[in-house]
Amino acid sequence: MRVLVFFDLPVQTSEDMKNYRLFRKTLLKNGFFMMQESVYCRMVLNQSVEKNVIHTIRKAKPPAGLVQILTVTEKQFSKMEFLVGKPDEEVIDTDERLVIL
């Protein structure tokens, strides 16, 4: 499964910027990668992990702005159509990244 996080946060004040940086840092620290600006994705193995990830995001959410979470299956995610551009080959977003070398 994939957990997708979409967010639109205010960045007018220094406090807003700090909240934005902390939220983004939390996403990266928890295994998310940036698909597009303000769209982050993480692979999860089961619903238990998904619940923990969502709980972490809820705790880290900033006080203002919009944060949305969507969970999709691997089959649904693989049907994503690229209208312009192509996937980033440097990002390992398959089960391969879970293999310990």
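**Helix α2, the core and its aromatic rings**

Reader: Which residues of α2 are the buried ones?

Author: They are Glu50, Val53, Ile54 and Ile57. Please keep in mind that this is a predicted model.

Reader: How do you know where on the helix these buried residues lie?

Author: Look down the axis of α2: the buried residues fall within an arc of 95°, so they line one face of the helix. On the face turned away from that buried side you will find the exposed residues Lys51, Asn52 and Lys59. To be called exposed, a residue needs over 50% relative accessible area, whereas buried means under 20%.

Reader: What covers the buried residues of α2?

Author: The cover includes β1, α1, β3 (39-43) and β4 (66-72).

Reader: How do you know whether the length of α2 agrees with what a helix should span?

Author: Take 1.5 Å a residue: the 14 residues of α2 should then span 20 Å, and the end C-alpha atoms are 20 Å apart, so the two agree.

Reader: And what makes Asn46 a cap for α2?

Author: A side-chain oxygen of Asn46 lies 3.1 Å from the backbone nitrogen of Ser48, at the N-terminal end of the helix. A polar contact asks for N or O atoms within 3.5 Å, and 3.1 Å meets that.

Reader: Which residues make up the largest nonpolar core?

Author: There are eleven: Val3, Val5, Phe7, Leu9, Phe23, Leu27, Phe32, Tyr40, Val44, Val53 and Ile57. At least two of these residues come from each of β1 (2-8), α1 (14-29) and α2 (47-60). The most is given by β1, with three residues. To see how the core is knit, try Leu27: leaving aside residues up to four places away in sequence, Leu27 touches Val5, Phe7, Phe32, Tyr40 and Ile57. Apart from this core lies another, of five residues, among them Phe33, Cys41, Val72 and Phe77.

Reader: Now the rings. How many aromatic pairs does a search of the whole structure find?

Author: Three.

Reader: Why is the pair of Phe7 and Phe23 given its class?

Author: Their ring centres are 5.2 Å apart, inside the 6.5 Å limit for a pair, and their planes stand at 85°, over the 60 degrees required, so the pair is edge-to-face. Phe7 belongs to strand β1 and Phe23 to helix α1, so the pair ties together parts that are 16 residues apart in sequence. Both residues are buried.

Reader: What makes the pair of Phe7 and Tyr40 stacked or edge-to-face?

Author: Here the centres are 5.6 Å apart and the planes at 25°; under 30 degrees counts as stacked, so this pair is stacked. It links distant parts of the chain, with Phe7 in strand β1 and Tyr40 in strand β3, 33 residues apart. Phe7 and Tyr40 are both buried. Together, Phe7, Tyr20, Phe23 and Tyr40 form one aromatic cluster.

Reader: Why is Ser38 called partly exposed?

Author: Its relative accessibility is 23%, and partly exposed runs between 20% and 50%, so Ser38 belongs in that class. Ser38 is found in the loop between β2 (33-36) and β3. It has a positive phi of about 65°, although it is not a glycine.

Reader: Finally, what pattern does the protein chain follow along the sequence?

Author: The pattern is β-α-β-β-α-β-α, with three helices and four strands. Of the 101 residues, 25% count as buried.

Terms used:
Residues numbered from 1 in each chain as written. Predicted model: local features only at pLDDT ≥ 70, side-chain atom pairs only at ≥ 80, totals over all residues. Heavy atoms only, no water. Core = buried A, V, L, I, M, F, W, Y, C linked by side-chain atoms within 4.5 Å. Buried < 20%, exposed > 50% of the residue type's maximum accessible area, 1.4 Å probe, protein only. Helix = DSSP H or I, 4+ residues; strand = E, 2+ residues; numbered from the N terminus. Contact = heavy atoms within 4.5 Å. Expected span 1.5 Å × (residues − 1). Arc of directions from axis to C-beta. Polar contact = N/O pair within 3.5 Å; in protein donor to acceptor, adjacent residues only side chain to side chain. Phe/Tyr/Trp six-rings, centres within 6.5 Å; stacked < 30°, edge-to-face > 60°.
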